[in-house]
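Visitor: Could you pick the place where the two chains meet and take me through it slowly? I am in my first year, so plain words would help.

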Amino acid sequence: MIGTFNPQEIIEPVEGMPWLLNDCLQQLIGQPFLFFRETYPEELTVHFGTPMQRAIPKLKDRPRGSFVLSVSGSAWHIASGENGSGWFTRSGVIDQNSRSTGTTLTVMEKQQIVRPGSVVIGVETYIASEVPGFGLIVDFSDRSRMVLKPTPDHDVNDGEELLPDWELLTPNARFLQAGPGLKWAYTPSDQPRKSLT
Amino acid sequence: MREWGEFFVDKQEKKQLRRIEDEFGMTPDESQIFRDYLHECKEQGERGTKNLKGDFTDDELRERAGECLGRDSE
């Protein structure tokens, strides 16, 4: 349920206001999961909604979803509803006995970690404790769960822009950028993005 | 079990990419296309020379951005 939030609204950079950020995210509820996809440079994206073809010939076999979640500066875990004992991460599969099997994102794209056709039944932010910033929890109808957690940046040069913690492209020509820190914005996706650093 | 601390996120490559995207004044829509374009380049053997993984140098990213978007940096 979207409630009173208008997905075409624009929210200039703000700090905090997690309730409004959660309202903004409710447009993901009910959207079907499409696929995980690796993008450059070795970044996980999660595609939801309706598949959309690209005009560029090199991307003709690489459709995108109408919603695209990029993990950007966050660590991520995915608990598969199909295989509840496994938590998938950038490094591979984690369970209570082993840390990693070395699965790459490309291999992960082919695994049915989240059952295709599952829909988003819950999406919620939380304020991370170790690194100030908004984490994200997405629940799917096949009982899978994805959790994003902001991570520290240990190598920052003077004047360098910090990475957002995660980003969401929406079909309403809007772009949600969360982080760094507790700053976020929901702005047009067809205009150059604004620095939140 | 389910610890987070060991999962290091390498942010340098991502920051390099965003710097070049900003040089070209890319919108979020264009950035998403560009990142997929770069991934496809690598998948198709058009690798960069920055490291053994085939990542791209600044100049290579600028060249690819021009190809992908059909325009020069701002």
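Guide: Let's begin with a word we will need: two strands are said to pair if DSSP finds at least two bridges between them. Please also keep in mind that this is a predicted model.

Here is a pair to try the word on. Strand S11 (residues 166–169) and strand S12 (residues 174–178) of chain A pair in the antiparallel sense, with four bridges between them. You can find one of the partners yourself: Trp166(A) has Ala178(A) in S12(A) as its bridge partner. Between S11 and S12 of chain A comes a loop, and Ala173(A) is found there. Ala173(A) has a positive phi, near 60°, although Ala173(A) is not a glycine. With 16 other C-beta atoms within 10 Å, Ala173(A) counts as partly exposed.

Now step back to the sheet that holds this pair. Seven strands of chain A form an open sheet in the order S1-S13-S12-S11-S4-S3-S2, with antiparallel pairing. At its edges are strand S1 (11–15) and strand S2 (33–39) of chain A, each of which pairs on one side only. From one strand to the next, the twist averages 15°. For the wider setting, chain A has two helices and 13 strands, and 42% of its 197 residues count as buried.

Two loops attached to this sheet contain cis peptide bonds. The bond from Tyr40(A) to Pro41(A) is cis, with omega near -5°, and Pro41(A) has its place in the loop between S2 and strand S3 (43–52) of chain A. The bond joining Gly179(A) and Pro180(A) is also cis, with omega about 10°; Pro180(A) lies in the loop between S12 and strand S13 (183–188) of chain A.

Chain B has another makeup. It comes to three helices and zero strands, and from the N terminus on its elements run α-α-α. Of its 74 residues, 34% are buried.

With both partners introduced, we can look at where they meet. In this model, 27 residues of chain B are in contact with 36 residues of chain A. Helix H1 (12–23) and helix H2 (28–43) of chain B each supply at least two residues to the side of chain B that touches chain A. H2(B) gives the most to that side, with ten residues. By type, the residues on that side of chain B divide into eleven nonpolar, five polar and eleven charged.

H2(B) deserves our closest look. This helix has 16 residues and reaches 23 Å from its first C-alpha to its last, close to the 22 Å expected at 1.5 Å a residue. H2(B) lies across S2, strand S4 (64–70), S11 and S12 of chain A, and runs at about 65° to S2(A). Our opening pair, S11 and S12 of chain A, is therefore part of what H2(B) lies across. Just after H2(B), Gly45(B) takes a positive phi of about 90°.

How much of H2(B) is covered? Most of it: twelve of its 16 residues are buried. Among them are Pro28(B), Ile33(B), Phe34(B), Tyr37(B) and Leu38(B), and the list also includes Glu30(B), Arg35(B) and Asp36(B). These buried residues pack against S2, S4, S11 and S12 of chain A, together with H1 and helix H3 (58–69) of chain B. In other words, the buried residues of H2(B) pack against elements of both chains.

Tyr37(B) has another role in the picture, and to see it we turn to the nonpolar cores. The largest core has 37 residues, and Phe48(A), Phe67(A) and Trp76(A) touch the most other members. Leaving aside neighbours within four places in sequence, Phe48(A) is in contact with residues including Leu28(A), Phe33(A), Phe67(A) and Val120(A). A second, separate core of 13 residues includes Tyr40(A), Met26(B), Tyr37(B) and Phe56(B). You have already met two of these: Tyr40(A) comes just before the cis bond to Pro41(A), and Tyr37(B) is a buried residue of H2(B).

One last stop is the loop between S4 and strand S5 (74–79) of chain A, where Ser72(A) is found. Ser72(A) has a positive phi of about 45° although it is not a glycine. Ser72(A) counts as buried because it has 24 C-beta neighbours inside 10 Å, and 20 or more are enough for that label.

Technical notes
Residues numbered from 1 in each chain as written. Chains lettered and ligands numbered in written order. Predicted model: local features only at pLDDT ≥ 70, side-chain atom pairs only at ≥ 80, totals over all residues. Contact = placed C-beta atoms within 7 Å. Nonpolar A, V, L, I, M, F, W, Y, C, P; charged D, E, K, R; others polar. Axes fitted to C-alpha atoms, helices over the stretch in contact; angles between N-to-C directions. Expected span 1.5 Å × (residues − 1). Core = buried A, V, L, I, M, F, W, Y, C linked by C-beta atoms within 7 Å.
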